[in-house]
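Dear colleague,

I am writing to hand over the structure below for your consideration. Please look through it before reading the notes that come after it.

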Amino acid sequence: MTDLFDKQQLDEQNQAVDEDAPKLDILYQDEYLVAVNKPSGLFVHRSYLDRDQKYFALQLVRDLVGQYVYPLHRLDRPTSGVLLFALDQQTARLMGQAFMDKKMDKQYLAVSRGHAPQSGHIDYPLKEKLDKIGDKYANAEAAEKQAQTDFRRLATATLDIAVGKYPSVRYSLLELSPHTGRRHQIRRHLAHLRHPIIGDINYGDNKQNPFFREHFAINRLMLHAKVLSFEHPHSKQLVTIEAPLDEQWRKLFVELDWLSFF
């Protein structure tokens, strides 16, 4: 857990944030926790990939609440949705243990290539992908670790437009529940299933992604952390936090006639 609230990350919060910084919506806040709706494209904290980045969720949330915050989990830079922070070290440790013990229920939405099965359970071990800064003390030679994800297909769409060797374009709207927390787990699991997420430049389709950008004018990973549920570490009450979808998702849902899922 040291990488979640180490001194380096706390020191980063001393950096000033100007008026042009992205505006984050607070989804939940009490005296122990705060959750925001992270937009796609924003790093949670400093990474070796961020050389040209000016803003990080860590500093932005600190400015929103007026105190240091402790990141409890990761969302990839291109993933949007619920991002949770603790407001003190004790709460951070308790929540960190809850994440480690898999006592957090997470639901994601994704748009994938093709018509995926109606439902399924993906049990496919993954080798950890390490951040050169955040994981500098981790063992790069560690063996693959257990990784499990459940999914349910909510809707499909077909466009009669030829792309590559296929005469039409097919998409699925998926609801996913990861039961482990490996980096890029959902992205890698759907790629393993041959239904990669649209907009995924690491594991996606190099023909579908350009078509999607040109046809829908949407240039992002179509993955959203929609719901996070957990037992509050102090009150012991169930807390459920939901992040609304942004306008890019609404635009796509209109075009694919998926508005009932917005």
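The notes below describe the chain as a whole, then its aromatic pairs, and then two residues with an unusual backbone angle.

Please bear in mind throughout that this is a predicted model.

The chain holds six helices and 10 strands. Of its 262 residues, 48% count as buried. The accessible surface of the chain amounts to about 13500 Å², and carbon and sulfur atoms contribute 46% of that area. Among contacts with a separation of 6 or more, 68% join residues that lie 24 or more positions apart.

I turn next to the aromatic side chains. A pair of aromatic rings is described by the distance of the centres and the angle of the planes. The count comes to six aromatic pairs. One of them joins Phe43 and Phe56, whose ring centres are 6.3 Å apart; the pair is tilted because the planes meet at 40°, an angle that is neither under 30 degrees, as stacking requires, nor over 60, as an edge-to-face pair requires. Both residues are in the loop between strand S2 (33-38) and helix H2 (57-65), and they are 13 residues apart. Phe43 is buried, as its relative accessible area is 7%. Phe56 is also buried, with a value of 1%.

A second pair is formed by Trp249 and Phe253, with ring centres 5.8 Å apart; their planes stand at 80°, so this pair is edge-to-face. Both residues belong to helix H6, and because they are four residues apart there, about one helical turn separates them. Trp249 and Phe253 are both buried. Elsewhere, ring pairs link Tyr171, Phe212 and Phe216 into a cluster.

Finally, two residues deserve a note for their backbone angles. Most residues other than glycine have a negative phi. Ala217, which is not a glycine, nevertheless has a positive phi of about 55°. Ala217 is found in the loop between helix H5 (208-216) and strand S9 (223-231). Its relative accessibility is 56%, so Ala217 counts as exposed, the cut-off being over 50%.

Asp257 likewise is not a glycine and has a positive phi, in this case of about 60°. Asp257 lies in the segment after helix H6 (247-255). With a relative accessible area of 68%, Asp257 is exposed.

With kind regards

Note on methods: Residues numbered from 1 in each chain as written. Predicted model: local features only at pLDDT ≥ 70, side-chain atom pairs only at ≥ 80, totals over all residues. Heavy atoms only, no water. Helix = DSSP H or I, 4+ residues; strand = E, 2+ residues; numbered from the N terminus. Buried < 20%, exposed > 50% of the residue type's maximum accessible area, 1.4 Å probe, protein only. Contact = heavy atoms within 4.5 Å. Areas by Shrake-Rupley, 256 points an atom, 1.4 Å probe, with all protein chains shown as cover. Phe/Tyr/Trp six-rings, centres within 6.5 Å; stacked < 30°, edge-to-face > 60°.
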